[in-house]
Amino acid sequence: MKNQSPVTQPVIQVRDVYFDYSTPVKVPWIKGLPFKRVIQQKHTALKGISLDIQPGKITALLGRNGSGKTTLIKVMTGARFPSSGTVSLFGNDPQAVRHRIGLCLGGSLVYHRLTGRENLEYFGKLYGVPNLDRRIYQLAELLRLEKNLDQLVESYSFGMKVKLALARSMIHSPELLILDEPTLGIDLQLATQIRDFVKNLNCSVLLTTHYMEEAELLAEDVCIIDHGKILASGTKENVLRKFKVQTIPQVFSMVVNRTPALEGHA
């Protein structure tokens with residue numbers, strides 16, 4: 001009898017998830033009169049999403065603005081509860097294991113009135129990181145922040161703030177790192193540094209980006225979402241093979257823009 005490879009559990013499992021929300025809008029109280037009333041207009045941001053995020057891989061979550069990417073991430077991490085469907089994170093309720101993930105939202109989630117070192121010390125102590133000084137030095141060296149650690153963050157350039165936010169999200173060595181547009185608005189040289197850092201991480205990564213070349217360079221798995229529905233997902237190789245193209249930007253253009261080439265792949 002042949003030895004079977006161990007079955008690896010997905011880092012995130014999403015099953016048939018819907019997410020509804022409402023926005024207040026003004027409508028005429030009586031047709032033809034100027035008086036208006038406020039009603040709640042219902043929207044559905046996620047429409048039956050089912051998805052697995054595999055361990056140890058970089059997964060690119062791609063979509064246009066308003067496609068549902070951010071909502072999906074919030075549901076995956078327990079920041080929002082789905083209207084229906086189920087989500088598990090490391091096989092558990094997301095609320096119970098959020099300490100096992102790191103979240104980087106560009107240059108946000110850092111304190112500008114503290115130094116870079118003080119930021120990392122604060123978050124490291126919150127997570128109970130052992131050998132914290134060594135961990136801070138390690139991340140600062142990897143991200144080339146050593147010379148700036150004792151400067152106030154308010155004096156940092158935007159790119160430096162992004163690097164510090166990335167270090168903050170990695171301070172506790174998370175098993176899953178979620179990166180939301182990590183290279184948005186920074187120069188090419190710094191973007192290349194960050195991409196190299198991400199490519200060599202020893203953890204699962206979920207990446208959202210509008211830069212198709214970034215997805216092409218980093219992603220091992222791909223998920224394309226539009227209007228709250230998944231249009232394509234799977235390993236990069238399988239997705240390219242299915243749509244008979246050479247690059248992720250080509251797949252994105254086909255499925256999002258609904259070109260005629262898509263008809264045979266519905």
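What follows is a chat between a first-year student and an author about a predicted model.

Reader: Let's start with a residue pair. What makes Arg 15 and Asp 52 a salt bridge?

Author: The closest N and O atoms of Arg 15 and Asp 52 are 2.9 Å apart. A salt bridge needs a side-chain nitrogen of Lys or Arg within 4 Å of a carboxyl oxygen of Asp or Glu, so the pair qualifies. Arg 15 sits in strand S1 and Asp 52 in strand S2, so this salt bridge ties together parts that are 37 residues apart in sequence.

Reader: Why is Arg 15 called partly exposed?

Author: Its relative accessibility is 36%. Buried means under 20% and exposed means over 50%, so a value in between counts as partly exposed. Asp 52 gets the label too, because its relative accessibility is 28%.

Reader: How do you know that Asp 221 and Lys 57 form a salt bridge?

Author: Their side chains meet at 3.6 Å, N to O. The limit is 4 Å, so that pair counts. Asp 221 belongs to strand S8 and Lys 57 to the loop between S2 and S3, so parts that are 164 residues apart in sequence get tied together.

Reader: And why is Asp 221 called buried?

Author: Asp 221 has a relative accessible area of 7%. Buried means under 20%, so Asp 221 makes the cut. Lys 57 has 26%, so Lys 57 is partly exposed instead.

Reader: What makes Glu 175 and Arg 100 a salt bridge?

Author: Here the N to O distance is 2.7 Å, and anything within 4 Å passes. Glu 175 is in the loop between H4 and S6 and Arg 100 in the loop between S4 and S5, 75 residues apart. Glu 175 is partly exposed at 38% relative accessible area, and Arg 100 is partly exposed as well, at 24%. Across the whole structure there are 9 salt bridges.

Reader: On to strands. How do you know that S3 and S8 pair?

Author: Count the bridges: strand S3 (residues 58-62) and strand S8 (residues 221-226) share 4 bridges, in the parallel sense. Pairing takes at least two, so S3 and S8 pass. You can spot Leu 61 opposite Cys 223 in S8, and Thr 59 opposite Asp 221, the residue from the salt bridge with Lys 57.

Reader: Which other strand is joined to S3 by bridges?

Author: Strand S7 (residues 204-208): 4 bridges join it to S3, and the two run parallel. Thr 59 stands opposite Leu 206 there.

Reader: Why is S3 called largely enclosed?

Author: Because 5 of the 5 residues of S3 are buried. Ile 58, Ala 60 and Leu 62 are buried on one side, and Thr 59 and Leu 61 on the other, leaving both faces covered.

Reader: What order do the strands take in the sheet that holds S3?

Author: This open sheet has 6 strands in the order S5-S6-S7-S3-S8-S9, with mixed pairing. What makes S5 and S9 the edge strands is that each pairs on one side only. From one strand to the next, the twist averages 15°.

Reader: Which strands stand at the edges of the sheet with the order S2-S1-S4?

Author: Strand S2 (36-53) and strand S4 (84-89) do; each has a single partner strand, so one side of each has no neighbour in the sheet. This open sheet of 3 strands is antiparallel, and its neighbouring strands are turned by 30° against each other on average, direction ignored.

Reader: How do you know that S1 and S2 pair?

Author: S1 (residues 12-28) and S2 are joined by 15 bridges in the antiparallel sense, and at least two are needed, so they pair. Ile 12, for one, has Ile 53 in S2 as its bridge partner. Helix H1 (residues 69-76) lies across S1, S2 and S4, at about 70° to S2.

Reader: Last one: what makes the span of H4 close to the expected value?

Author: Helix H4 (residues 158-170) reaches 19 Å from its first C-alpha to its last, and 18 Å is expected for its 13 residues at 1.5 Å a residue. H4 is also mostly covered, with 12 of its 13 residues buried. Among the elements covering those residues are helix H2 (116-126) and helix H5 (188-199). H4 lies across S5 and S6, running at about 170° to S5.

How values were computed. Residues numbered from 1 in each chain as written. Predicted model: local features only at pLDDT ≥ 70, side-chain atom pairs only at ≥ 80, totals over all residues. Heavy atoms only, no water. Expected span 1.5 Å × (residues − 1). Buried < 20%, exposed > 50% of the residue type's maximum accessible area, 1.4 Å probe, protein only. Contact = heavy atoms within 4.5 Å. Axes fitted to C-alpha atoms, helices over the stretch in contact; angles between N-to-C directions.
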